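Thanks for asking me to look at this one. Here are my notes, set out as numbered points so that you can check them against the coordinates as you go.

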Amino acid sequence: MAKTVLTPQSEDFPRWYQDIVAKAELADNGPVRGTMVIRPYGYAIWERMQADMDRRIKEAGARNAYFPLFIPESYLSREAEHVEGFSPELAVVTHAGGKELEEKVVVRPTSETVIGECMAKWTQSYRDLPLLLNQWANVVRWELRPRIFLRTSEFLWQEGHTAHATEEDARLYAKRIHEEVYAPFMREMLAMPVVLGRKTKRERFAGATNTLALEGMMRDGKALQMGTSHELGQNFAKAFDITYLSEQGRQETCWTTSWGSSTRMLGGLIMGHGDDHGLRVPPRLAPVQALVMVVKDGEGVVEAARQVVADLLARGVRAELDARVDTPFGRRAVDAELKGIPLRVEVGPRDLAEGSVTVARRIAGGKSSVPLGGVVDTVTAALDEDHDALYAAALAHRDTNTAAVSTLEEAAEAARTGWATIPWSTLGEEGESLLAESAVTVRCLTMPDGTVPTSESDAGVLAVVGRAY
């Protein structure tokens with residue numbers, strides 16, 4: 001592969017990450033500290049994430065709506081644990097229209113409270129339930145140590161909010177989002193293996209009775225929480241009087257859930273798959289799956305390249321033409337590698353004279369000469385192979401860097417470079433607190449077979465322990 005100008009991962013992983021974000025033209029820092037500008041290429045990747053996630057959410061029965069950016073401060077204070085959990089991160093508006101506001105307004109950090117107010121209006125009878133809502137929006141959480149895509153003061157996400165007649169129905173829906181929406185999305189679109197589990201009381205979402213999480217391992221061995229689904233019990237329903245008239249004619253309190261995934265997944269994509277040459281974008285996710293490049297101008301070369309693009313598009317491949325022969329080919333090839341475009345089809349006078357083109361693979365590596373008539377079949381087969389290969393490599397990396405341990409000391413040592421699994425009965429809340437003093441956290445609780453425990457006290461529960469972003 002061509003040499004790039006990235007800091008090697010082994011030398012300085014945070015610097016490598018910053019290099020990727022800048023040089024692959026994903027994002028830039030905004031004018032206000034902690035904010036980000038998502039550049040067109042980064043946003044194109046996000047749009048594909050958003051579209052596929054949106055489809056899955058709708059298949060689970062939720063419908064999209066939109067709720068206000070500004071929330072009365074009094075709304076947040078109704079659920080004490082919730083406001084306490086978010087208070088350090090709140091951005092508060094005190095003046096507007098040249099006047100001091102009678103009531104302060106919070107820029108939404110999340111929407112449980114404002115949506116709870118609406119749910120109370122919209123839920124009258126058991127016939128109105130379940131109420132399944134989702135919104136795509138921006139939120140603001142004032143970050144002290146921002147990092148683009150991972151922790152920014154403003155970010156994009158989807159947040160789902162639902163109300164149910166029974167605790168069991170709410171629990172099953174939170175589980176459905178966790179296991180049937182988020183998990184397959186991570187596997188099938190991001191090519192990322194994730195551990196599914198439940199959070200400990202210490203790590204649970206503020207105001208939730210249970211938090212289900214998906215944890216991915218990054219190339220440096222740290223964990224990244226890729227999405228969460230929360231059972232909120234009746235905490236918010238009682239605070240906002242979300243009630244319904246039951247079939248038996250009794251006034252009952254609803255059970256609610258919330259769940260979300262965000263532009264943090266872009267950070268996971270970078271750190272989960274990237275290498276010293278740049279991004280490696282999973283083929284199913286890539287905005288451009290095949291870049292057809294004119295190596296050097298010559299008789300019929302541009303026309304042949306255009307035809308290859310047309311043939312690929314006709315087969316459903318997202319293909320683009322790069323005919324910028326006034327820019328050195330080597331520079332263009334390095335740029336394509338930086339951006340993680342899965343395949344390059346290189347068309348030059350010499351190859352064309354022999355009736356062939358060169359196919360370069362970003363994920364599998366290497367180049368091969370392919371007859372012009374067989375390029376479409378070669379590209380489509382490679383895209384499927386490379387998506388599976390990327391997932392397999394990420395899974396192997398996680399398994400290699402996860403140690404099964406039996407003591408607190410072993411868990412702390414394993415967390416220096418990766419993850420540890422330790423029986424929760426051995427670690428417990430005391431051990432969790434001791435690990436936290438060294439910035440090592442219990443990422444989630446899971447069962448040995450990868451299923452999610454119904455409670456912390458289930459026999460055989462394992463704690464997945466590691467450092468995290």
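The points below cover a sheet and its helices, two hairpins and the nonpolar cores.

1. A word on the source before anything else: this is a predicted model, so please read each point below in that light.

2. Let me begin with the open sheet, which is built from 5 strands with mixed pairing. Reading across, the order is β16-β15-β17-β18-β19. The edges are formed by β16 (319–322) and β19 (367–371), each of which pairs on one side only. From one strand to the next, the twist averages 25°.

3. At the β16 edge, the pairing with β15 (residues 290–294) is parallel and rests on 4 bridges. If you would like a residue pair to locate this part of the sheet, M293 stands opposite D322 in β16.

4. At the other edge, β18 and β19 run antiparallel and are joined by 5 bridges. Here V357 has V370 in β19 as its bridge partner. These two strands make a hairpin with 5 residues between them, and G365 in that turn has a positive phi of about 80°.

5. Which helices lie across the sheet strands? One is α10 (residues 329–338), which lies across β15, β16 and β17 (343–347). Its direction is at about 175° to β15. Another is α12 (residues 375–400), lying across β15, β17, β18 (356–361) and β19; α12 runs at about 160° to β17.

6. There is another hairpin to look at, formed by β5 and β6. Strand β5 (residues 91–96) pairs with β6 (residues 99–107) in the antiparallel sense, over 5 bridges, and V93 stands opposite V105 in β6. The two strands have 2 residues between them, and G97 in the turn has a positive phi of about 60°.

7. Now to the packing. The largest nonpolar core has 62 residues. Those with the most contacts inside this core are L26, I45, M49, F149, L190, M265 and I270. Helix α6 (residues 167–188) supplies the largest share of the core, at 7 residues.

8. F149 makes a good viewpoint on that core. Leaving aside residues up to four places away in sequence, F149 touches Y17, V21, L26, A27, M36, I38, T263, R264, L266, G267 and I270. Of these partners, L26 and I270 are also listed among the residues with the most contacts inside the core.

9. Finally, a second, separate core has 24 residues, among them A290, A304, A305 and V370. You have met V370 already, as the bridge partner of V357, and I would suggest viewing the second core together with the β18 and β19 hairpin.

Terms used: Residues are numbered from 1 along each chain as its sequence is written. This is a predicted model: local features need pLDDT of at least 70, side-chain atom pairs count only at pLDDT 80 or more; totals for chains, interfaces and linings use all residues. Side-chain values use heavy atoms; hydrogens and water are left out. Two strands pair if DSSP finds at least two bridges between them. Axes are lines fitted to C-alpha atoms, for helices over the stretch in contact, and angles run from 0 to 180 degrees between N-to-C directions. Contact means heavy atoms within 4.5 Å. A nonpolar core is a set of buried Ala, Val, Leu, Ile, Met, Phe, Trp, Tyr and Cys residues joined through side-chain atoms within 4.5 Å. Buried means under 20% relative accessible area, exposed over 50%, partly exposed in between (1.4 Å probe, protein chains only).
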